[in-house]
Amino acid sequence: MEMAFDASQGRSDAEILAAYAGGDPEAARILAARHLPPVLRLAARLLGDPAEAEDVAQEAMLRLWRAAPGWRDGGAKVSTWLYRVTVNLCTDRLRRRRFVALEAVGEPEDGRISPEAMLQDEARVRALDQALAALPERQRLAVVLRHVEGMANPEIAEVMEIGVGAVESLTARGRRALARALVGRRDALGYER
Amino acid sequence: MSDRADRGGQGTGGGDDGLALFFAAARDAGPRPSAALVARVLADAGTERTRAGAARGGHAPRRAATREAFRDLWRRAGGWPVLGGMVTAALAGVWIGVSAPGALGLAGWAGDDEAAGDPIDMMPGTGAFSLAGLAEGG
């Protein structure tokens with residue numbers, strides 16, 4: 001199902017959220033179209049389980065609907081707030097279970113991904129997900145928010161409720177660990193400079 | 001390190017670790033919301049909107065107006081000091097009501113016609129409450 005076309009591109013998230021709180025039924029569709037995909041993507045990458053990721057994404061959006069009547073414009077951005085809720089929900093779930101990332105993502109059968117068997121992008125994503133799964137939780141989160149979701153460090157700091165310096169340290173260490181894990185696979189994955 | 005979002009390390013020298021293409025692939029990949037998930041999310045939105053609307057248009061505004069009316073009455077009446085005096089007066093009234101007249105030292109109230117007929121001069125010597133004085137003053 002295609003997400004509804006966002007016909008309100010000129011309106012801020014806060015304005016649309018206020019419209020939703022005021023009873024506008026279309027506002028929820030617009031907000032879901034904007035924010036459900038990145039929330040789901042983040043949850044999937046953190047949890048490694050599609051079903052749990054959907055549960056978390058639905059819960060995060062539910063909390064947004066409940067926060068709408070009291071939402072104050074000028075405070076946190078809706079996207080930042082949603083990311084923070086998503087991260088907290090994922091963290092709660094990860095603490096309740098042992099995170100078996102490699103099993104969830106799937107090991108290649110012979111330890112080497114064949115470019116002939118998969119599209120190059122799919123292979124890179126699988127390799128990256130496996131390498132991410134091996135990182136400590138907060139490094140993984142910082143790297144995903146920075147380099148996959150494209151968030152700036154101050155926003156990541158707000159989501160993770162840490163300082164900007166801590167974000168920089170986590171992303172730097174995480175990125176070095178990923179490079180070590182993936183450098184040997186670049187040729188096999190069709191990486192070209 | 002720049003605070004500006006650096007999506008894949010491109011342009012800031014961070015791409016030499018070879019991860020840029022991996023990150024780019026990851027950004028384009030990832031699960032898409034299923035139709036079922038979208039339906040659940042929008043159903044939740046409808047439920048919460050209905051719940052919030054009921055709270056807005058039902059009891060909440062009426063209760064707020066009532067509270068405000070009581071607060072205004074309270075301020076006009078004088079607030080806590082007045083309440084203290086009222087409580088004292090009320091308790092005194094209750095005590096008077098349940099006590100025998102003898103306990104109050106008011107024998108005349110029990111039906112002593114002679115005592116009941118005597119006027120009580122609230123301001124002795126002034127004649128302030130004298131009817132004659134009022135008639136002359138006109």
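Select chain A and follow its elements from the N terminus: they run α-α-α-α-α-α-α-α-α, and the chain has nine helices and zero strands. The model you are looking at is predicted, so every value quoted on this tour is computed from predicted coordinates. With chain A still selected, colour by accessibility, and you will find that 53% of its 193 residues count as buried. A surface drawn over the chain exposes about 9200 Å², of which carbon and sulfur atoms supply 48%. If you switch to a contact map, residues 24 or more positions apart account for 66% of the contacts in chain A with a separation of 6 or more.

Now move the selection to chain B, where the pattern along the sequence is α-α-α-α-α-α-α, that is, seven helices and zero strands. Buried residues make up 17% of the 138 residues here, while the exposed area of chain B comes to about 9700 Å², with 64% of it supplied by carbon and sulfur atoms.

**The first helix pair**

Return to chain A and show helix α1 (residues 13-21) together with helix α2 (residues 25-47). The two pack at an angle of about 140°, and their axes are 8 Å apart; the crossing in which α1(A) passes α2(A) is left-handed. To see what makes the contact, display the side chains of Asp13(A), Ile16(A), Leu17(A), Ala19(A) and Tyr20(A) on α1(A), and on α2(A) those of Ala27(A), Ala28(A), Ile30(A), Leu31(A), Arg34(A) and His35(A). Sorted by character, the residues of this contact divide into eight nonpolar, one polar and two charged.

Zoom in on Asp13(A), which has its place in helix α1 of chain A. Is Asp13(A) buried or exposed? Its relative accessible area is 17%, and because the cut-off for buried is under 20%, Asp13(A) counts as buried. Leaving aside neighbours within four places in sequence, Asp13(A) is in contact with Leu31(A), Arg34(A), His35(A), Val78(A) and Ser79(A).

From Asp13(A), step across to its contact partner Leu31(A), a residue of helix α2 of chain A. Leu31(A) counts as buried, at 0% relative accessibility. Beyond its neighbours within four places in sequence, Leu31(A) is in contact with Asp13(A), Ile16(A), Leu17(A), Leu36(A), Met61(A) and Trp65(A). A distance label between the C-alpha atoms of Leu31(A) and Met61(A) should read 9.1 Å, although the two are 30 residues apart along the chain.

**Into the nonpolar core**

Next, select the largest nonpolar core, a set of 69 residues, and highlight Leu64(A), Trp65(A), Leu145(A) and Leu178(A), the members that touch the most other members. The largest share of this core, 13 residues, comes from helix α2 (residues 25-47) of chain A. In soluble globular proteins, nonpolar side chains tend to be buried together.

Centre the view on Trp65(A) and ask which residues it touches, not counting those up to four places away in sequence. In chain A they are Tyr20(A), Ala28(A), Leu31(A) and Ala32(A), and in chain B they are Val41(B), Asp44(B), Ala45(B) and Glu48(B).

**Val144(A) and its surroundings**

Select helix α7 (residues 137-148) of chain A and pick out Val144(A), which is found in it. Val144(A) is buried, with a relative accessible area of 0%. With neighbours within four places in sequence left aside, its contacts are Leu42(A), Arg45(A), Leu132(A) and Glu149(A). One of these partners, Arg45(A), lies 99 residues from Val144(A) in sequence, yet the two are 7.9 Å apart in space, C-alpha to C-alpha.

**A last stop in a loop**

Finish at Glu161(A), in the loop between α8 (153-160) and α9 (164-182) of chain A. Check the backbone torsions here: most residues other than glycine have a negative phi. Glu161(A), however, has a positive phi of about 60° although it is not a glycine. At 58% relative accessibility, Glu161(A) counts as exposed, because the cut-off for that class is over 50%.

Terms used
Residues numbered from 1 in each chain as written. Chains lettered and ligands numbered in written order. Predicted model: local features only at pLDDT ≥ 70, side-chain atom pairs only at ≥ 80, totals over all residues. Heavy atoms only, no water. Core = buried A, V, L, I, M, F, W, Y, C linked by side-chain atoms within 4.5 Å. Buried < 20%, exposed > 50% of the residue type's maximum accessible area, 1.4 Å probe, protein only. Helix = DSSP H or I, 4+ residues; strand = E, 2+ residues; numbered from the N terminus. Contact = heavy atoms within 4.5 Å. Areas by Shrake-Rupley, 256 points an atom, 1.4 Å probe, with all protein chains shown as cover. Axes fitted to C-alpha atoms, helices over the stretch in contact; angles between N-to-C directions. Left-handed = near helix turned anticlockwise from the far one by under 90°. Nonpolar A, V, L, I, M, F, W, Y, C, P; charged D, E, K, R; others polar.
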